[in-house]
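Let's take a walk through this structure together. Have a look at it first, and then we'll start with one small spot.

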Amino acid sequence: MVDHTHALSFGAVASNYDRFRPRYPEVAVRWALDGLSEARVVDLAAGTGILTRAVLALGHEVVPVEPDPGMRTQLAASTPGTTALAGSAEAVPLPDSTVDAVLVGTAYHWFDRELAHAEIARVLRAGGTFAPVWNIRDDSVDWVAELGRIAHFGDRSTLQLIGEHPDFGPAFDTVEQREFTHRTTLTPDELLGMVRTRSYWLTATTEDQQRVERELTELLTTHPALAGRDTIELPYRTLVLRARRR
């Protein structure tokens, strides 16, 4: 079952979400849209427009769709000339067969997938592309794994939800999968700011939030890879799934 309390918790911190969340590497976005030129692309569950801006930079037209009004307001502020439509993966406010691609940035795991797949297939033209994208912290690095434990990051459960053999339903061809690596540079304060934009933090009790801050501060000040550093390189794996509309 989709947890809408968590899924719709981000609007209250939309400005910090846009500031602290990682960007998507250009090579990953290009692979998601491989073969498309000057396409009309829906950024579904667009949030504050982080993925929208990456797609715009490649020369495509983007139609962001986002259910949270706070996130839509921040997207408009962060992405001049772009206004997000109010809508969701299960109710996309666009006519049938009118877009070349639908992308989703770190949000597909919130969808009611059966309903969402049908809606995405409906708005896509034949041969169009559906591509969910995730930025996932690389927890093969020991301190990153400890960060995830402290802050209750859900990347592993996200991957479990997707499954080893993802399937977008009967309207789509076989799903292709690719990973790309990149890093983002944060100060210790910015790392804490990023943690404060996570759904666990936003819906946690004050006691749990204080525990996270206390344990994260200890990690930052005692781990050999972090202690005394003005900036931190946080490694990511960007996972892209891609399939064509039949």
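Keep in mind that this is a predicted model. Our starting spot is H152, just after helix α7, where the backbone takes a positive phi of about 55 degrees.

Now step back into α7 itself, which runs over residues 142-151. Its buried residues are W143, V144, L147, G148, I150 and A151. They cover an arc of only 165 degrees around the axis, so they sit on the same side of α7. It helps to recall that an α-helix has 3.6 residues a turn, so residues three or four places apart point the same way. And what lies over the buried residues of α7? The cover includes β5, α9, α10, α11 and β7.

Two of those names, β5 and β7, come back when we turn to the largest nonpolar core, as each gives two or more residues to it. So do β1, β2, β4 and α6. This core has 29 residues, and L44, V102, F111, F130 and F172 have the most contacts inside it. Take V102: leaving aside neighbours within four places in sequence, it is in contact with V42, L44, I120, V123, L124, T129, F130 and A131. There is also a second, separate core of 23 residues, with Y17, A28, V29 and A54 among them.

Last stop: A46, in the loop between β1 and α4. Is A46 buried or exposed? Its relative accessible area is 8%, which is under the 20% cut-off, so A46 counts as buried. Not counting residues up to four places away in sequence, A46 touches T52, P64, V65, E66 and L75. Of these, V65 is 19 residues from A46 in sequence, yet their C-alpha atoms are 5.7 Å apart in space.

How values were computed. Residues numbered from 1 in each chain as written. Predicted model: local features only at pLDDT ≥ 70, side-chain atom pairs only at ≥ 80, totals over all residues. Heavy atoms only, no water. Core = buried A, V, L, I, M, F, W, Y, C linked by side-chain atoms within 4.5 Å. Buried < 20%, exposed > 50% of the residue type's maximum accessible area, 1.4 Å probe, protein only. Helix = DSSP H or I, 4+ residues; strand = E, 2+ residues; numbered from the N terminus. Contact = heavy atoms within 4.5 Å. Arc of directions from axis to C-beta.
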